[in-house]
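Hi everyone, thanks for making time. I'd like to walk you through a structure that's probably new to most of you, so let's get it up on the screen.

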Amino acid sequence: MTTSDTDERLIEKGRKLFAQSWRFTHASPSIESLPPMGAIEVAFAGRSNVGKSSLINALTGQNALARTSHTPGRTQELIFFEGPEHAPLRLVDMPGYGYAAAAKTKVASWTELIHKFLLGRASLARVYVLIDARHGLKEVDQEILKTLDRSAVSYQLVLTKADQIKPAELASRIAETEAALAKHPAAFPQVLATSSRSGAGMPELRAAMVRLLEERST
């Protein structure tokens, strides 16, 4: 089977997986309240207002699955979503980081929750770190990448809002982001560009998760 055939197979398998019904199952404001480990988990991290909830909704084709808000810092818990019963996969929407307007005590609490989750969750197979394509990597993103490097959790960078910049600028942003990842040993080298609005990049992101499931089940 060629690489192209494999990609097409994974894309189709991903389409079928995410075309099924997904549901909210759990909200954890603390490490102590996390659901039991079992299903393979993929988490979505990113600065506040980077579009995590919108991306989860676009992935699943369910516009109201993850709560979106124009107010940064709205998600203050780890939010878990599960798909069909035969698919051992959970999606985790993490609190946004880097929101300066929130109370410092709240920011410290969210940050501690994020870091503890990343460092101590054996069922966490990959973290997708979302970066706004219009702005690229910021210093606050680098802190999360350092934590991921320490925890040795596999992670991949996903550019969001890719439809809001010109193709040449997007290509440049992908190249500079991939170059920055060379310093991070736990990072997946390929950067995905997505748009929740147009659906661009969603088939490839779904396929990446299917590949992860297949690797974990062998």
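**A quick tour**

Of the 218 residues in the protein, 48% are buried, where buried means under 20% relative accessible area, exposed means over 50%, and partly exposed is in between, using a 1.4 Å probe and protein chains only. Before going on: this is a predicted model, so local features need pLDDT of at least 70 and side-chain atom pairs count only at pLDDT 80 or more, while totals for chains, interfaces and linings use all residues. Residues are numbered from 1 along each chain as its sequence is written, and side-chain values use heavy atoms, with hydrogens and water left out.

OK, the overall layout. There are six helices and seven strands; these are DSSP runs numbered from the N terminus, with helices being H or I of at least four residues and strands E of at least two. Starting at the N terminus, the order goes α-β-β-α-β-β-α-β-α-β-α-β-α. If you take contacts (heavy atoms within 4.5 Å) with a separation of 6 or more, 74% of them are between residues 24 or more positions apart. As for the surface, the protein exposes about 10,600 Å², and carbon and sulfur atoms supply 53% of that; those areas come from the Shrake-Rupley method with a 1.4 Å probe, and for residues only the protein chains shown count as cover.

Let's look at two helices. Helix α2, residues 52-60, has eight of its nine residues buried, so it is largely enclosed by the rest of the structure. Among the buried ones are Leu55, Ile56 and Leu59. Right after α2 comes Gly61, with a positive phi near 70°.

Then there's helix α6, residues 202-217. Its 16 residues should span 22 Å at 1.5 Å a residue, and the end C-alpha atoms are 23 Å apart, which agrees. The expected span here is 1.5 Å times one less than the number of residues. Buried residues in α6 include Met202, Leu205, Arg206 and Leu213.

Now for the charges. How many salt bridges does a search of the whole structure find? The search finds 16, counting a side-chain nitrogen of Lys or Arg within 4 Å of a carboxyl oxygen of Asp or Glu.

Take Glu214 and Arg9, whose side chains meet in a salt bridge at 2.8 Å, N to O. Glu214 is in helix α6 and Arg9 is in helix α1 (residues 3-19), so the pair ties together parts that are 205 residues apart in sequence. Arg9 counts as partly exposed, at 34% relative accessibility.

Next, Arg90 has a salt bridge with Glu41, with the closest N and O atoms 2.8 Å apart. This pair also links distant parts of the chain: Arg90 sits in strand β4 (residues 89-93) and Glu41 in strand β2 (residues 40-46), 49 residues apart. Are these two buried or exposed? Both Arg90 and Glu41 are buried.

A more local example is Glu176 with Arg173, at 2.7 Å between the closest N and O atoms. They're three residues apart in helix α5 (residues 167-181), about one helical turn. Glu176 is partly exposed at 41% relative accessible area, whereas Arg173 is buried at 12%. Elsewhere, salt bridges that share partners join Arg23, Glu41, Glu82, Arg90 and Arg121 into one network.

Glu82 from that network lies in strand β3, residues 78-82. Its side chain makes a polar contact of 2.8 Å with the side chain of Arg90; a polar contact is a pair of N or O atoms within 3.5 Å, where within protein one must be able to donate a hydrogen and the other to accept it, and residues adjacent in sequence count only if both atoms are side-chain atoms. The C-alpha atoms of Glu82 and Trp22 are 5.6 Å apart, with their positions 60 residues apart along the chain.

And here's a charged residue without a partner. Arg126, in strand β5 (residues 124-132), is buried yet has no salt bridge; the nearest side chain of opposite charge is Glu215, 5.0 Å away. In that count Lys and Arg are positive, Asp and Glu are negative, and His and the chain ends are left out. Arg126 does have a polar contact of 3.1 Å, side chain to side chain, with Ser154.

Last stop, the loops. Asn49 has a positive phi of about 70° although it is not a glycine, and it's in the loop between β2 and α2.
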